[in-house]
Amino acid sequence: MYNVKEFIMEKIFLLCACTSILAILLICWFLFANGIPAIFEIGAANFLLGTNWTPMQGGEIGPQFGILPMIVGSVYFMLGAIIIGVPIGIFTAIFFAHMCPKKMYTFLKPVVNLLAGIPSVVYGFFGMVMIVPIVRTLAMRFTTHLPGGATGMSILAAAIILGIMILPTVIAISEAAMRAVPKNYYEGALALGASHTRSVFFVMVPAAKSGILASVVLGVGRAIGETMAVVMVAGNHARMPIHLLRGARSLTANIVIEMGYAAGLHRNALIATAVVLFVFILIINITFTLLTRKSV
Amino acid sequence: MRTKIIDTALFVLTWLFAGVTLLALLSIIFYILINGIPHLNPSLFETQFTTENVSMFPSIVSTIIVVALTLAFAVPLGIFTGIYLVEYVKRGNRLVIFIRSTTELLAGIPSIVYGLFGMLFFVVFLGMGFSLLAGSLTLSIMILPMVIRTTEEALKAVPDGFREGAFALGAGKLRAVFKIVLPSAIPGIFAGVILAIGRIIGESAALIFTAGTVAQIPEGLSSSVRTLTVHMWVLTSEALHLNEAYATGVVLLLVVLLINTFSAFLAKKLTKG
């Protein structure tokens with residue numbers, strides 16, 4: 001009797017453990033079953049490399065579903081987030097791991113942890129009311145030769161907000177990587193006559209290289225997957241990005257903006273957009289796994 | 001001489017960038033608090049939402065219900081998975097590696113993809129419609145990796161002596177797990193669950209197409225709801241209610257502050273005890 005209970009419970013645990021596999025399978029099935037046929041119907045080249053996204057267009061040409069502008073937009077946002085967020089994040093992590101006085105650390109660390117908890121809508125709202133007006137004045141000065149109005153909703157604004165949003169990821173993982181470096185590396189450097197700063201930057205940081213790189217990769221994943229904050233500050237023009245101070249649309253934004261009213265092929269093209277996004281995330285995940293496996 | 005300049009430059013840069021991080025955070029928090037607190041009118045907390053008072057009260061209630069429901073689905077599932085991975089299978093087992101990589105993949109999927117999946121599967125395929133249930137189920141898949149990971153870590157931190165002691169006293173595996181190991185891992189799991197609550201409250205993209213955007217106190221599992229973050233998004237996208245959006249931001253920030261403090265408090269208690 002006792003053994004039966006043990007047996008049943010073990011199977012229940014096993015069943016629960018398999019739900020995450022089931023979830024992945026279901027997600028893949030529902031995305032791919034709807035998305036892949038759409039890609040074939042549109043034509044893979046037309047879909048991935050087409051520069052026109054005009055799903056509601058009638059007439060002779062008919063609707064066009066090219067998501068290259070959104071892919072380029074996502075890549076721009078990602079690069080912008082890296083340029084802004086990564087140096088700040090890594091230096092902050094170095095600060096926390098090696099430079100920060102202990103008393104200051106116990107106060108500052110929880111404060112910076114707050115960054116991870118702020119909802120993306122709040123980030124987006126902040127970007128909308130604070131960053132966008134600043135960018136608008138820049139855009140009015142420098143981009144008057146370009147068509148369309150300078151609203152300030154732009155690649156730059158999105159990059160700044162995304163740069164701030166990836167900070168907690170970059171900081172937390174880089175800091176952990178640096179703390180995992182054996183203390184005697186540092187002591188050895190000191191014994192050879194290097195100063196504190198020199199030992200930190202030329203011995204400790206290079207030793208944590210793969211962990212730091214992993215933090216960047218994870219940050220990139222967060223930046224590419226971010227939706228609401230980007231939608232609120234990026235302008236969301238579905239055309240090839242023309243200027244840093246003008247708008248662009250990300251893959252995520254494309255889905256959230258149009259899913260509400262899309263139908264038929266348009267709807268499936270949006271699901272196919274999610275498939276592309278999924279592939280991006282898959283690549284990032286594999287890179288991350290390879291990076292962290294090497295370091296262990 | 002040159003090394004000294006580089007040293008100083010790096011030193012200054014480190015402090016500078018750490019300062020930038022702090023400045024970014026503080027400017028977000030204070031900008032929203034300063035602009036939002038004056039607009040926290042009592043009319044924002046009236047029980048009925050109308051287009052005039054744009055009350056956030058129904059959204060607050062909805063958020064609490066969504067959190068409770070999501071946890072009810074995800075926490076038992078996550079804890080049982082964690083128990084299986086840590087207590088029942090040997091390390092290096094293929095299934096474990098497979099499950100672990102799927103949870104990692106789950107953790108990396110963007111929330112909008114969850115939203116899309118939730119819409120295709122729960123809302124359309126299972127015919128739930130835009131509802132509390134569909135939203136909570138979608139979110140529970142989303143936070144599952146978080147619960148699994150914290151459970152695993154908390155269980156691993158329990159010394160093997162506890163298990164051996166239980167077995168030596170004649171307890172079966174199940175009894176050892178539920179009476180000895182799990183209770184001592186509870187604070188760790190709890191800290192993770194609190195962070196998961198933070199994620200649920202902060203989520204918006206996964207909810208718009210699963211739970212919908214109707215601002216009402218839900219009447220049942222099948223009624224559409226609007227959580228606080230979605231409420232804030234709707235207010236800003238309508239662009240008529242910026243002041244109310246600020247006020248909603250204040251409420252959200254306070255909740256985040258509360259959650260982080262509580263979680264940090266628990267974590268501190270753990271490392272001390």
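**Notes on the two-chain model**

1. A good place to start is where the chains meet: 71 residues of chain B are in contact with 74 residues of chain A. Please keep in mind that this is a predicted model. The area buried between chain B and chain A is about 6700 Å², and carbon and sulfur atoms give 83% of that area. Against this, the count of salt bridges between chain B and chain A is one.

2. That one bridge deserves a look on your screen. D7(B) forms a salt bridge with R198(A), and the closest N and O atoms are 3.2 Å apart. D7(B) lies in helix α1 (residues 2-36) of chain B and R198(A) in helix α8 of chain A, so the pair joins two chains. How covered are the partners? D7(B) is buried, with a relative accessible area of 12%, whereas R198(A) is partly exposed at 22%. The cut-off is worth having in mind here, because buried means under 20% relative accessible area.

3. Next, turn to T197(A). This residue is found in helix α8 (residues 196-207) of chain A. What does T197(A) touch, leaving aside residues up to four places away in sequence? The list is M99(A) from chain A, together with D7(B), L10(B) and F11(B) from chain B. M99(A) is 98 residues from T197(A) in sequence, yet their C-alpha atoms are 8.5 Å apart in space. T197(A) is buried, with a relative accessible area of 10%. D7(B) thus turns up twice in this region, once as a contact of T197(A) and once as the salt-bridge partner of R198(A).

4. Now for chain A as a whole. Chain A has 12 helices and two strands. From the N terminus on, two helices come before the two strands, and helices make up the rest of the order. The C-alpha atoms fill a box of roughly 75 × 75 × 30 Å along the principal axes. Of the 296 residues in chain A, 54% are buried. The accessible surface of chain A comes to about 12900 Å², with 70% belonging to carbon and sulfur atoms. Chain A carries 18 positive and 8 negative charges, whose mean positions are 14 Å apart.

5. Chain B can be read in the same way. Chain B has 10 helices and zero strands. Its C-alpha trace spans about 70 × 65 × 30 Å along the principal axes. Buried residues make up 52% of the 273 residues in chain B. Chain B exposes about 12400 Å², of which carbon and sulfur atoms supply 68%. For the 17 positive and 13 negative charges of chain B, the mean positions are 15 Å apart. Among contacts in chain B with a separation of 6 or more, 71% are between residues 24 or more positions apart.

6. Back to charged pairs, this time within a chain. The count comes to seven salt bridges over all chains. In chain A, the side chains of K109(A) and E175(A) meet in a salt bridge at 2.8 Å, N to O. K109(A) lies in helix α4 (residues 102-117) and E175(A) in helix α6 (residues 155-179) of chain A, so the pair ties together parts that are 66 residues apart in sequence. Both K109(A) and E175(A) are buried. R179(A) belongs here too: K109(A), E175(A) and R179(A) are linked in a network of salt bridges.

7. Chain B has a pair to set beside that one. The side chains of R163(B) and E87(B) meet in a salt bridge at 2.7 Å, N to O. The pair links distant parts of the chain, with R163(B) in helix α6 (residues 160-168) and E87(B) in helix α2 (residues 57-88) of chain B, 76 residues apart. R163(B) counts as buried at 11% relative accessibility, and E87(B) is buried at 8%.

8. Two backbone details to finish. Helix α9 (residues 228-238) of chain B is mostly covered, as nine of its 11 residues are buried. Among the buried residues of α9(B) are H231(B), M232(B) and W233(B). Just after α9(B), A239(B) takes a positive phi of about 60°. In chain A, N236(A) has a phi near 60°, a positive value in a residue other than glycine. N236(A) sits in the loop between α10 (228-233) and α11 (251-258) of chain A. Is N236(A) buried or exposed? N236(A) is buried, with a relative accessible area of 14%.

Key
Residues numbered from 1 in each chain as written. Chains lettered and ligands numbered in written order. Predicted model: local features only at pLDDT ≥ 70, side-chain atom pairs only at ≥ 80, totals over all residues. Heavy atoms only, no water. Helix = DSSP H or I, 4+ residues; strand = E, 2+ residues; numbered from the N terminus. Buried < 20%, exposed > 50% of the residue type's maximum accessible area, 1.4 Å probe, protein only. Contact = heavy atoms within 4.5 Å. Areas by Shrake-Rupley, 256 points an atom, 1.4 Å probe, with all protein chains shown as cover. Lys, Arg positive; Asp, Glu negative; His and termini not counted. Charge placed at Lys NZ, Arg CZ, Asp CG, Glu CD. Buried area = accessible area lost by both parts, 1.4 Å probe. Salt bridge = Lys/Arg side-chain N within 4 Å of Asp/Glu carboxyl O.
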